[in-house]
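Me: Please take a close look at one helix in this model and then place it in the chain as a whole. I would like the residues first and the wider picture afterwards.

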Amino acid sequence: MREVAIVGAGMTRFGELWNQSLRDMFVEAAAGALNDAGADRLDTIYVGCMSGGQFVGQEHLGPLMADHLGMNGVAAVHVESACASGGVALRQAFIDVASGMSDLVLAAGIEKMTDGADVTNVLATAADQELEVYHGVTFPGLYAMIARAHMQAYGTTEEDLAWVSVKNHRHGAMNEKAQFPGEVTLEQVMASSMVAEPLRLLHCSPVSDGAAAVLLCPLDQAGQYTDRPVKIVGSGLATSSLALAEREDPAFLDSVQLSAERAYKMAGVGPRDIQLAEVHDCFSIAEICCIEALGFVEKGKGGPAAKDGLTTIGGRIPVNTSGGLKSKGHPVGATGVAQTIEIFRQLRGEAGGRQVENARLGLAQNMGGSGASSVIHIFQGV
Ligand code: COA
């Protein structure tokens with residue numbers, strides 16, 4: 001396997017982007033990544049997107065995006081794994097470059113959710129139709145069940161959940177690309193309207209549009225594009241049952257643990273070596289479960305992590321320095337690539353006010369559905 005580096009990154013602002021179509025957002029992000037690296041050609045494009053078909057009626061995204069980037073003829077394909085589509089697109093790009101098949105590969109993530117689709121029901125297609133959705137439950141309800149299970153098993157409180165949102169909005173306030181960059185207080189979170197008990201509006205990631213892209217090449221060619229490449233040193237993908245009821249423990253994300261084990265093994269590191277992480281906080285409880293499954297805290301001990309400052313910038317393991325899905329936004333297919341860009345910027349010392357000092361090793365964890373798929377990458381500054 002060849003060593004692989006990221007040499008350029010580009011993304012749109014996240015939010016309700018009325019004036020940009022799916023293809024416009026892709027081109028802004030992809031051209032941003034190419035310009036960042038001073039590159040003007042590509043061998044392959046991977047386009048992560050959960051559901052162009054249902055959100056905006058557009059499938060066949062590989063050739064469409066290649067064409068609109070002015071790269072007609074380039075190998076290009078759509079990658080789907082629900083909200084983990086962006087992270088899986090990155091993994092495919094990594095495998096492509098590592099294998100020696102391609103030298104210059106774009107991993108992109110895109111989603112256009114605010115154009116009038118029945119968003120909650122489209123998102124619910126990533127849950128188990130027969131065992132969950134036919135009975136009326138959608139994602140806020142599924143994550144509410146995870147939260148209840150965690151509260152019952154470990155005494156996690158509504159205040160613990162709320163602190164995750166407070167912390168992520170505090171980080172997101174320093175991110176000019178974030179959809180909701182304002183800080184929120186504990187009182188505001190605790191008083192926000194109930195969505196699915198115990199999850200309130202301010203525990204939920206929003207509905208978003210956006211795109212993100214990164215450019216990969218073999219490490220030994222990275223000098224042609226940048227003097228600050230970031231190496232991908234580990235990659236892990238794992239799956240679990242779609243239906244929560246089929247899992248041994250609904251309060252534990254086994255696919256996250258398994259994908260982490262694989263990524264740590266490839267990188268030759270453990271959770272204690274990671275200096276910062278972007279994790280999939282689609283609902284506040286998800287961040288709590290993810291930091292446990294990643295091994296940053298013991299099982300059952302994730303509840304107070306945000307309140308205690310462990311996961312804040314300046315804490316032992318800063319989590320979601322970008323603002324996370326909660327504050328930055330969650331255009332589902334774009335999220336995994338946007339997480340990667342945050343780690344890329346941090347490891348190059350380009351994160352401005354939210355810079356983690358001396359960051360050398362970072363992790364991005366991206367998840368599909370209620371954790372039926374999880375993809376993790378570990379990155380090292382060179
Ligand atoms: N965080 C902060 N503010 C938010 C917000 C969020 N997540 N979502 C909406 N808002 C704001 C809006 O800007 C709006 O403010 P305004 O009245 O000043 O304009 C207000 O709160 C109400 O927004 P609205 O869009 O009407 O809310 P909604 O009830 O239609 O949707 C949720 C709220 C939480 C149900 C929706 O964002 C949601 O479904 N989120 C989860 C998405 C999801 O499941 N993703 C996949 C995860 S697996």
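Reply:

**Helix α10 and its setting**

The buried residues of helix α10 are Ser284, Ile285, Ala286, Glu287, Ile288, Cys289, Cys290, Ile291, Glu292 and Ala293. The model is predicted, and the values below are computed from it. Helix α10 covers residues 284-293, and 10 of its 10 residues are buried. Buried here stands for a relative accessible area under 20%, and Glu287 and Glu292 meet that cut-off along with Ile285, Ile288 and Ile291.

The cover over these residues comes from several elements. Among them are the helices α6 (139-154), α7 (158-172) and α9 (254-267). Two strands, β6 (199-200) and β10 (361-368), also help to cover the buried residues of α10. Just after the helix, Gly295 has a positive phi of about 85°.

The domain assignment gives the next level. Domain 1 consists of 4-118 + 207-229, and domain 2 of 137-204 + 231-381. The C-alpha centres of domain 1 and domain 2 are separated by 23 Å. Across the boundary, 48 residues of domain 1 are in contact with 36 residues of domain 2.

Another helix, α3, can be described in the same terms. Helix α3 spans residues 61-68, and its buried residues are Leu61, Gly62, Leu64, Met65 and Ala66. These pack against helix α1 (22-37) and the strands β2 (44-48), β3 (75-79) and β4 (105-112). Gly70, just after α3, takes a positive phi of about 80°.

For the chain as a whole, the count is 12 helices and 11 strands. The radius of gyration is 19 Å, close to the 21 Å that the globule rule gives for 382 residues, so the chain is as compact as a globular protein of that length. Along the principal axes, the C-alpha atoms fill a box of roughly 55 × 45 × 35 Å.

Burial and contacts can be given for the whole chain too. Of its 382 residues, 64% count as buried. Among contacts with a separation of 6 or more, 78% are between residues 24 or more positions apart. The accessible surface of the chain comes to about 13700 Å², and carbon and sulfur atoms hold 48% of that surface. As for charge, the chain has 27 positive and 43 negative charges, and the mean positions of the two sets lie 5 Å apart.

Terms used
Residues numbered from 1 in each chain as written. Predicted model: local features only at pLDDT ≥ 70, side-chain atom pairs only at ≥ 80, totals over all residues. Heavy atoms only, no water. Helix = DSSP H or I, 4+ residues; strand = E, 2+ residues; numbered from the N terminus. Rg over C-alpha atoms; globule rule 2.2 N^0.38 Å. Buried < 20%, exposed > 50% of the residue type's maximum accessible area, 1.4 Å probe, protein only. Contact = heavy atoms within 4.5 Å. Areas by Shrake-Rupley, 256 points an atom, 1.4 Å probe, with all protein chains shown as cover. Lys, Arg positive; Asp, Glu negative; His and termini not counted. Charge placed at Lys NZ, Arg CZ, Asp CG, Glu CD. Domains from an automatic or database assignment.
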